[in-house]
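Biologist: Could you walk me through this one? I would like to go over the strands and helices, and then some of the side chains.

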Amino acid sequence: MRVLVSGADGFIGGWLSRALLRRGDDVVALVRDGRTAPDCTEKLVCDISCYEALPHLLKDKDIAAFVHLAWDGIEGPAFLDHRRQLGSAAAAVDAVKACAEVGISHFIQVGSVNQYELLGLDHKAQAPRMANTYSAAKLAAEHMGRAFAARLRVRFNAVRLAMTYGEGNRSSMLPNVVMRQLLAGRVPKLIAGEGRYDLIHVSDAVGGLLAVLDGGRDQQTYFVGHREERTFRQIVEGIRDAIVPEGVLDFGAYPEDNHIDFDLIDTEALTRDTGYRPRADFEETVRATATWLGENP
């Protein structure tokens, strides 16, 4: 299979591209910076703000599927920039339209577990967090993309990933912050963490994406994460126990700010449709990630 991967030079995109190549697929990497060197069969350069030009760029490439990971504004001030977020949502729709124009039969929009937080506010008199600017744009991309795909007869799947950690992730996401602080002998300050939470290693995130690529039902949204219930506190304590057992964690230093209603998530859908199950060992992958972070400060 010949697969187009946007954001192939990023954290998850890089892991996905290598997995596709290992199983014998061709990877066409779509990146915004021509100076990067992603693992791929062919590299195409196009900034996400220019996706209207994709039909010309993708013509005669004989691509079967498009896994769309690229997004402008995944952390820092850009995370709250509504114009950049909405621009990324519009680009996702342009990508779906490009699929129809050049004959790509399957489009996969990759999103975040945080989208469920907004869905849970539908019937509550509660203001969203500013961080939900990103989640709202992801939901817009997903729903508009689904509508355009149905109209244009492109097979469409949305994937909402649990928070994803692993080697190669340089971001300031929570697992990285906790690991770095513990390794430095500092005390991470945290929420009380009694609510349900999920964390998935990038190898399992990629396994879920491959399962959707191979067997996802048209128009289905899939959550890629774990089925068993764990609290935020249990997960962070597990991180501590794996790398610095004597480390101290300051739970309750910050107010609770995670309002994802896991009852809204069908954690069984991907297993029912494809047989997928997460396989990564939590302690081993946390140690491997911590080692990588220590070697790549």
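Modeller: Let me start with one side-chain pair: the side chain of H106 makes a polar contact with the side chain of N157, at 2.8 Å. Please keep in mind throughout that this is a predicted model.

Biologist: Which other side chain does H106 make a polar contact with?

Modeller: The side chain of R155 is also a partner of the H106 side chain, and that polar contact comes out at 3.4 Å.

Biologist: And where is H106 found, in which strand?

Modeller: H106 belongs to strand β5.

Biologist: Is H106 buried or exposed?

Modeller: H106 has a relative accessible area of 3%, so it counts as buried. Leaving aside residues up to four places away in sequence, H106 touches A64, A65, F66, V154, R155, F156, N157, V212 and L213.

Biologist: OK, let's step back to the sheet. What is the order of its strands?

Modeller: The sheet is open and has seven strands, which follow the order β3-β2-β1-β4-β5-β6-β11 with parallel pairing. Its edge strands are β3, residues 42-45, and β11, residues 220-224, and each of them pairs on one side only. From one strand to the next, the twist averages 20°.

Biologist: How many bridges join β1 to β4?

Modeller: Strand β1, residues 2-6, and strand β4, residues 65-68, run parallel and are joined by four bridges. To take one residue, S6 has H68 as its bridge partner in β4.

Biologist: Which strands does α1 lie across?

Modeller: Helix α1, made of residues 11-22, lies across β1, β2 (26-31), β4 and β6 (155-161), and it runs at about 170° to β1. Helix α3, residues 82-102, lies across β4, β5 (106-112) and β6, and its direction is at about 165° to β5.

Biologist: Now the nonpolar core. Which residues touch the most other members of the largest one?

Modeller: That core has 39 residues, and those touching the most other members are V5, L16, L20, V67 and L213. Helix α7, residues 202-215, supplies the largest share of the core, with eight residues.

Biologist: What does V67 touch?

Modeller: If residues up to four places away in sequence are not counted, V67 touches V3, L4, V5, S6, L16, I108, V110 and L213.

Biologist: Switching topic, how many salt bridges does the structure hold?

Modeller: There are 22 salt bridges in the structure. One of them is formed by the side chains of E194 and R233, at 3.9 Å from N to O. E194 lies in the loop between β8 (189-191) and β9 (196-197), whereas R233 lies in helix α8 (residues 232-243), so this pair ties together parts that are 39 residues apart in sequence.

Biologist: Are E194 and R233 buried or exposed?

Modeller: E194 counts as exposed because its relative accessibility is 53%, while R233, at 30%, counts as partly exposed.

Biologist: What about D273, which residue does its side chain meet in a salt bridge?

Modeller: The D273 side chain meets that of R217, with an N to O distance of 3.0 Å. Since D273 sits in helix α9 (residues 269-274) and R217 in the loop between α7 and β11, the pair ties together parts that are 56 residues apart in sequence. D273 is partly exposed at 26% relative accessibility, and R217 is also partly exposed, with a relative accessible area of 46%.

Biologist: And how far apart in helix α10 are R287 and E283?

Modeller: R287 and E283 are four residues apart in helix α10, which means that about one helical turn separates them. Their side chains meet in a salt bridge at 3.3 Å, N to O. R287 is partly exposed at 38% relative accessibility, and E283 is partly exposed at 41%. Elsewhere, R2, D26, E42 and K61 are joined into one network by salt bridges that share partners.

Biologist: Last one, then: where does N296 lie?

Modeller: N296 lies in the segment after α10, a helix that spans 282-295. The N296 side chain reaches the backbone oxygen of W292 at 2.8 Å. Not counting residues up to four places away in sequence, N296 touches R170 and R180.

Note on methods
Residues numbered from 1 in each chain as written. Predicted model: local features only at pLDDT ≥ 70, side-chain atom pairs only at ≥ 80, totals over all residues. Heavy atoms only, no water. Pairing = 2+ DSSP bridges. Helix = DSSP H or I, 4+ residues; strand = E, 2+ residues; numbered from the N terminus. Axes fitted to C-alpha atoms, helices over the stretch in contact; angles between N-to-C directions. Contact = heavy atoms within 4.5 Å. Core = buried A, V, L, I, M, F, W, Y, C linked by side-chain atoms within 4.5 Å. Buried < 20%, exposed > 50% of the residue type's maximum accessible area, 1.4 Å probe, protein only. Polar contact = N/O pair within 3.5 Å; in protein donor to acceptor, adjacent residues only side chain to side chain. Salt bridge = Lys/Arg side-chain N within 4 Å of Asp/Glu carboxyl O.
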